[in-house]
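Biologist: Could you zoom in on one part of this model for me and then work outwards from there? I'd like the geometry spelled out as you go.

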Amino acid sequence: MTSKAMFPKLLPSAAGLVRRIFLSSRPLSSSSAASLATAELSSPLTNSVDADEEGIITMKGVRISGRPIYLDMQATTPVDPRVVDAMLPFYLSRFGNPHSRTHLYGWESEEAVESARTQVAALVGANPKEIFFTSGATESNNISVKGVMRFYRDKKRHVVTTQTEHKCVLDSCRHLQQEGFDVTYLPVRSDGLVDLERLASAIRPDTGLVSVMAVNNEIGVVQPLEEIGKICKEKGVPFHTDAAQALGKIPIDVERMGIGLMSLSGHKIYGPKGVGALYLRRRPRIRVEPQMSGGGQERGIRSGTVPTPLVVGFGKACEVAMKEMEYDGRRIAALQERLLKGIREKLDRVVVNGSIEHRYAGNLNLSFAFVEGESLLMGLQAVAISSGSACTSASLEPSYVLRALGVDEDMAHTSIRFGIGRFTTEAEIDNTIELIVHTVKKLREMSPLYELDKEGVDIKSVKWSQH
Amino acid sequence: MAASASAMVVTSRAELLSLFRSLLRTASKFSDFNIREYARRRTIDGFRENRHLSDPASVAAAFADGNSQLDIARRQVLVYSLYAPNVKSVMEIKYK
């Protein structure tokens with residue numbers, strides 16, 4: 001209707017406005033051009049957020065002044081502008097189906113998908129033929145755990161995994177148990193690492209799969225992949241690892257680590273959401289029963305049209321990660337140290353959950369004694385952090401990962417996960433320290449338990465009477 | 001190999017400085033606080049890392065890479081501005 005008629009006219013004027021806004025170094029606020037620009041250029045997204053006054057967002061009954069500092073990189077990462085730049089052409093004119101064999105649209109998309117496959121494979125030291133695109137790490141985990149066991153169901157009846165795995169691995173195992181398979185959920189040590197001797201002795205002749213995640217999503221602990229791979233190789237059991245949180249952050253080499261199957265995700269490495277990959281070893285070949293029936297795309301492992309823009313973005317994110325891993329790693333480690341030091345200087349009774357030594361630096365999981373995690377988060381609207389994984393933070397139950405480490409229930413309730421990433425700045429860390437220290441002190445002032453503790457009373461020895 | 005390397009145009013200091021300035025200028029135009037800071041930081045650190053490059057071929061390669069980054073940044077500055085949220089980061093509002 002009218003909007004269609006307006007469109008060609010609007011574009012040049014919008015471009016002119018954009019240019020004007022760029023050239024003027026003044027902030028958008030007072031100029032009349034700004035109000036015009038927001039009226040004409042307002043994106044459909046802004047409607048959902050009620051931005052009544054300047055710098056104030058009202059959403060879910062909470063008033064937030066300004067977009068919060070983002071420190072939740074384990075939930076998801078922002079998309080890198082280099083990735084957006086690679087993806088956009090495939091949302092515009094190059095929209096072809098990569099499986100179309102009869103025209104240019106299909107060919108150019110197929111070429112882009114295959115080049116992305118090479119980029120993903122290069123980051124993990126694999127052959128591009130071993131990479132299968134999926135919708136994400138959850139799907140890859142499902143195909144790995146259920147697919148391998150169902151394929152070899154006649155001979156293999158047992159799976160070994162750990163108690164701190166991601167929900168999708170645990171849930172897949174639960175599913176297998178209902179189908180009559182046996183699952184061993186290995187406990188972890190108090191630092192979050194799996195005990196290798198225990199792992200080796202848990203493997204039986206009918207074990208069909210060992211699944212241990214590379215980097216834990218809640219506590220950031222890095223499991224000894226190489227050693228686990230060696231044990232699995234000796235025993236002739238395929239080794240699956242969920243590397244969603246590890247890809248692009250720690251070096252991964254499927255040969256050196258003896259990995260048989262691996263789950264990868266795009267949106268944890270500054271790529272798009274909705275895409276991931278499954279690494280499936282060719283020599284010796286590991287086979288899986290596909291979950292999706294259909295056109296036989298991805299060589300029958302995962303039917304369904306491969307989403308070219310997402311896959312291109314994932315490939316580009318891997319390429320960028322390969323180039324930037326060292327630089328990002330150095331920076332993130334320095335920021336983590338700054339955050340931990342800053343908090344510890346001003347607050348007592350702060351505990352790091354999980355091993356500090358065997359940890360990916362971008363994850364810092366802290367427990368603030370006597371402060372309930374959720375109330376701390378409520379008081380911290382200017383920082384986007386969470387008390388654990390996004391999947392479980394809706395419930396008030398303490399994290400099962402922390403409980404597996406043997407963290408006391410009261411300390412498990414006080415945990416906060418800080419996720420530092422490529423785009424985090426020093427100033428953001430400094431402000432976070434200030435806000436955390438302020439809020440924790442305020443909450444502790446209200447806590448009778450903290451007072452008792454300061455007086456030297458052992459809280460655990462207190463006998464609570466009921467009235 | 002050697003012939004092609006020597007035939008390569010030597011990148012002048014002026015060209016490099018101009019690229020450095022263009023990258024910084026473009027970085028400052030990103031509407032997103034974090035991206036703006038990153039683009040600036042990465043430019044400065046990138047040039048610092050490559051300060052000791054002496055081989056003309058690797059200087060030329062780094063120069064070409066910088067130029068392609070500049071092209072990406074110029075396009076993305078525009079894209080980010082088109083969909084910039086109405087409200088800025090707290091870092092720009094409160095802690096200027």
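**The sheet and what packs around it**

Modeller: Let's start with A:Tyr270, which counts as buried because its relative accessibility is 5%. Keep in mind that this is a predicted model. A:Tyr270 sits in the loop between β9 and β10 of chain A, and its phi is positive, about 65°, although it is not a glycine. Its ring belongs to one aromatic cluster together with A:Phe423 and B:Tyr38, so that cluster draws on chains A and B.

The two strands on either side of that loop take us to the sheet. It is an open one with 7 strands of chain A, ordered β4-β10-β9-β8-β7-β5-β6, and the pairing is mixed. At the edges you find β4 and β6 (182–186) of chain A, each of which pairs on one side only. Ignoring direction, neighbouring strands are turned by 20° against each other on average. For one of the pairings in detail, take β7(A) and β8(A): they run parallel and are joined by 2 bridges. A:Ser211 has A:His240 of β8(A) standing opposite.

Now for the helices that lie across these strands. α5 of chain A, residues 137–151, lies across β4, β5 (158–162), β7, β8, β9 (261–265) and β10 (276–280) of chain A, and it runs at about 165° to β9(A). α6 of chain A, residues 167–178, lies across β5, β6 and β7 of chain A, and its angle to β6(A) is about 150°.

Then there's α8 of chain A (residues 225–235), whose buried residues are A:Leu225, A:Ile228, A:Gly229, A:Ile231 and A:Cys232. Look down the axis of α8(A) and these buried residues fall within an arc of 160°, so they line one face of the helix. As background, an α-helix has 3.6 residues a turn, so residues three or four places apart point the same way. What do the buried residues of α8(A) pack against? The partners are α7 (196–202), β7 (207–211) and β8 (239–242) of chain A. On the face of α8(A) turned away from its buried side, the exposed residues are A:Lys230, A:Lys233 and A:Glu234. Just after α8(A) comes A:Gly236, with a positive phi of about 70°.

Back to rings for a moment. The count over all chains comes to 8 aromatic pairs. One to look at is A:Phe133 with A:Phe314: the ring centres are 6.3 Å apart and the planes are at 70°, so this pair is edge-to-face. A:Phe133 is in strand β4 (residues 131–134) of chain A while A:Phe314 is in helix α9 (residues 308–346) of chain A, so the pair ties together parts that are 181 residues apart in sequence. A:Phe133 is buried, at 2% relative accessibility, and A:Phe314 is buried as well, at 0%. Another edge-to-face pair is made by A:Phe151 and A:Tyr152, with 5.1 Å from centre to centre and 70° between the planes. Here A:Phe151 is partly exposed, with a relative accessible area of 35%, and A:Tyr152 counts as partly exposed at 29%.

Charges sit over rings too. A:Arg157 lies over the face of A:Phe181, 4.3 Å from the ring centre. The charged end of A:Arg94 sits over the ring of A:Phe90, at 5.8 Å from its centre.

There's another long-range link to check, this time starting from A:Ala86 in helix α3 (residues 81–87) of chain A. Along the chain, A:Ala86 and A:Gly313 are 227 residues apart, but their C-alpha atoms are separated by 6.2 Å. Once you leave aside neighbours within four places in sequence, A:Ala86 is in contact with A:Val312 and A:Lys316.

Last stop: the loop between β10 and α9 of chain A, which is where A:Pro284 is placed. The peptide bond leading from A:Arg283 to A:Pro284 is cis, and omega is near -10°. A:Glu298 lies in the loop between β10 and α9 of chain A as well. It isn't a glycine, yet the phi of A:Glu298 is positive, near 50°. Is A:Glu298 buried or exposed? A:Glu298 is buried, with a relative accessible area of 8%.

Note on methods:
Residues numbered from 1 in each chain as written. Chains lettered and ligands numbered in written order. Predicted model: local features only at pLDDT ≥ 70, side-chain atom pairs only at ≥ 80, totals over all residues. Heavy atoms only, no water. Phe/Tyr/Trp six-rings, centres within 6.5 Å; stacked < 30°, edge-to-face > 60°. Helix = DSSP H or I, 4+ residues; strand = E, 2+ residues; numbered from the N terminus. Buried < 20%, exposed > 50% of the residue type's maximum accessible area, 1.4 Å probe, protein only. Lys NZ or Arg CZ within 6 Å of the ring centre and 35° of its normal. Arc of directions from axis to C-beta. Contact = heavy atoms within 4.5 Å. Pairing = 2+ DSSP bridges. Axes fitted to C-alpha atoms, helices over the stretch in contact; angles between N-to-C directions.
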